Amino acid sequence: MAISETLARQKAAFLADLPVDQDIRIDRLNRAISLLLDHRQDFITALEQDYGQRTEEITLFADIVPSLQALKYARNNLAKWMKKDRRSPTFPLGLLGSRAWVDHRPKGVVGIISPWNFPLGMIFSPLSGALAAGNRVMIKPSEHVPATSELTRKLIAEYFDPDEVAVFTGGIEVAEEFIRQPFDHLFYTGSGTVGRIIMRAAAENLVPVTLELGGKSPTVILPDCDIDSAAKRIVAAKMANAGQICVAPDYVFVPRDKLPALRTALLKKAEEFYPEQEGAPAYTAVINARQRDRLKGYVADAKTKGALVETPDAFSRDRNDNILPFHVISNVSDDMTLMQDEIFGPLLPLMPYDSIDEIIEYINVRPRPLALYLLGKDPAGDQIRQKTIAGGVAYDEFLLHVGQEDLPFGGTGASGMGHYHGHDGFKTFSHSMSVFKRGPIDILGLLQARPPFGPRFRAYIKQELKK
Ligand code: NAD
């Protein structure tokens with residue numbers, strides 16, 4: 001069915017369904033949970049096929065489990081979230097029997113556009129919020145993971161009526177048609193370049209947007225932090241999904257005198273985590289040749305501009321064309337492309353620092369990052385957090401702040417706009433409809449606040465015009 005036709009049908013079905021009872025919403029969340037549980041092995045296989053090599057651990061830990069957590073959290077908290085919020089009427093209306101509250105109404109039909117790096121998480125997590133809020137949903141998955149996107153389309157069609165949730169696969173032509181539709185909300189995860197295109201198209205129909213973008217997320221090793229323990233955490237986070245994570249540590253600030261020790265510790269950890277031996281955990285490939293060549297281009301550019309590039313011995317030869325080893329890159333400078341673009345791959349530039357102010361200034365003159373990581377207990381960490389603005393901050397561990405369903409997730413400035421996860425997702429996909437109910441007393445009559453306006457009205461205005 002055509003995109004515009006599905007939208008028209010979903011809009012009509014949505015209106016017929018209002019107010020969309022809690023039972024209907026829970027049933028939809030449960031069907032999404034069943035879909036993932038029944039077909040988790042199919043998804044692991046599809047993702048392996050799309051990536052050429054992707055570990056089962058990553059697919060389970062970063063795609064399937066977070067999706068299930070989001071859906072279950074929404075299901076388990078739904079009754080609380082759906083309750084109206086009582087508000088105070090302006091004095092003295094409450095005393096005169098008036099009432100005010102906020103109803104959380106579904107917006108209608110939500111469009112979700114998702115990327116290839118976590119093709120399940122980036123669909124099912126926003127889907128959990130959209131369904132919990134009582135919406136119908138249309139999804140455009142990424143064309144760069146065709147097997148996973150096709151499987152998602154097929155399974156959604158099995159578990160949902162097309163009037164409830166529908167998936168449209170395909171390339172740019174489909175994406176371009178999709179973003180021109182008059183959705184009630186458009187939720188996009190991907191690069192900032194495409195984010196701008198999405199926002200422009202949405203503006204034509206005054207469609208509200210949430211943009212979950214990326215950017216360069218700094219890590220700061222604070223002066224008191226143990227280097228081996230920092231290296232362990234950094235390598236695990238940076239090599240997960242081969243660095244293709246929106247909140248991956250992009251580059252690392254390290255106290256100048258500890259830089260040599262950090263280089264050695266990082267390379268050692270990378271070898272330990274992914275040794276070239278039978279039964280070792282498999283590493284993940286870069287998604288395609290285009291992305292691989294982009295990353296290799298950064299390395300070549302950095303080398304010609306004087307960077308020192310090191311890779312662990314065990315990864316010194318490629319096992320698959322798109323497998324890129326972990327690269328530790330030092331002697332970096334601003335004119336290198338890898339210090340300008342989001343890296344989104346297993347390359348890690350190291351930046352020596354002499355003072356905390358230097359770090360704060362470096363971050364503040366650049367686009368706002370999606371994540372900021374602070375390793376160590378030194379109070380300078382709090383100072384950096386308070387003097388900069390990032391989408392989110394995590395102390396002493398990577399990525400885990402994103403997994404907190406009770407925290408909002410979203411960027412700011414170049415890293416995105418709007419939030420989701422848990423209750424914040426429910427609110428993003430709901431319209432806060434204000435309701436005022438006047439009590440039995442005709443308050444405007446009492447105040448003589450209708451023409452011809454009496455002395456009580458003038459006394460009231462006089463009172464309100466005081467400081
Ligand atoms: P991608 O190329 O798969 O694009 C994302 C989606 O945009 C796809 O569905 C694609 O069809 C669509 N698209 C592409 N061009 C379009 C166009 N001209 N008009 C309309 N739609 C179009 O993914 P990507 O952009 O390479 O994803 C990687 C980026 O996503 C990185 O910057 C990463 O940081 C960011 N990201 C952010 C988050 C987050 O939660 N903030 C999560 C994952 C990825």
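Which helices and strand each supply at least two residues of the shell around the ligand? In this predicted model, where local features need pLDDT of at least 70, side-chain atom pairs count only at pLDDT 80 or more, and totals for chains, interfaces and linings use all residues, they are helix H7 (172-179), strand E6 (185-189) and helix H8 (192-204). Residues are numbered from 1 along each chain as its sequence is written, and side-chain values use heavy atoms, with hydrogens and water left out. Helices (H or I, at least four residues) and strands (E, at least two) are DSSP runs, numbered from the N terminus.

The ligand is surrounded by 29 residues (a heavy atom within 4 Å), of which Ser114, Ser142, Glu143, Leu213 and Glu342 come nearest. Oxygen atoms of the ligand are paired with polar side-chain atoms (N or O atoms within 3.5 Å) of Glu342 at 2.6 Å, of Lys140 at 2.9 Å and of Trp116 at 3.1 Å. The protein buries 92% of the 850 Å² that the ligand exposes when taken alone (Shrake-Rupley method, 1.4 Å probe).

The largest nonpolar core comprises 86 residues. Such a core is a set of buried Ala, Val, Leu, Ile, Met, Phe, Trp, Tyr and Cys residues joined through side-chain atoms within 4.5 Å, buried being under 20% relative accessible area (1.4 Å probe, protein chains only). At least three residues come from each of domain 1 (3-213 + 416-431) and domain 2 (218-410), with bounds from an automatic or database domain assignment. Phe124, Ile221, Ile234, Val247, Leu262 and Leu266 have the most contacts inside this core. Beyond four places in sequence, the contacts of Ile221 (heavy atoms within 4.5 Å) include Ile234, Val252, Leu262 and Leu375.

Methods
Buried < 20%, exposed > 50% of the residue type's maximum accessible area, 1.4 Å probe, protein only. Polar contact = N/O pair within 3.5 Å; in protein donor to acceptor, adjacent residues only side chain to side chain.
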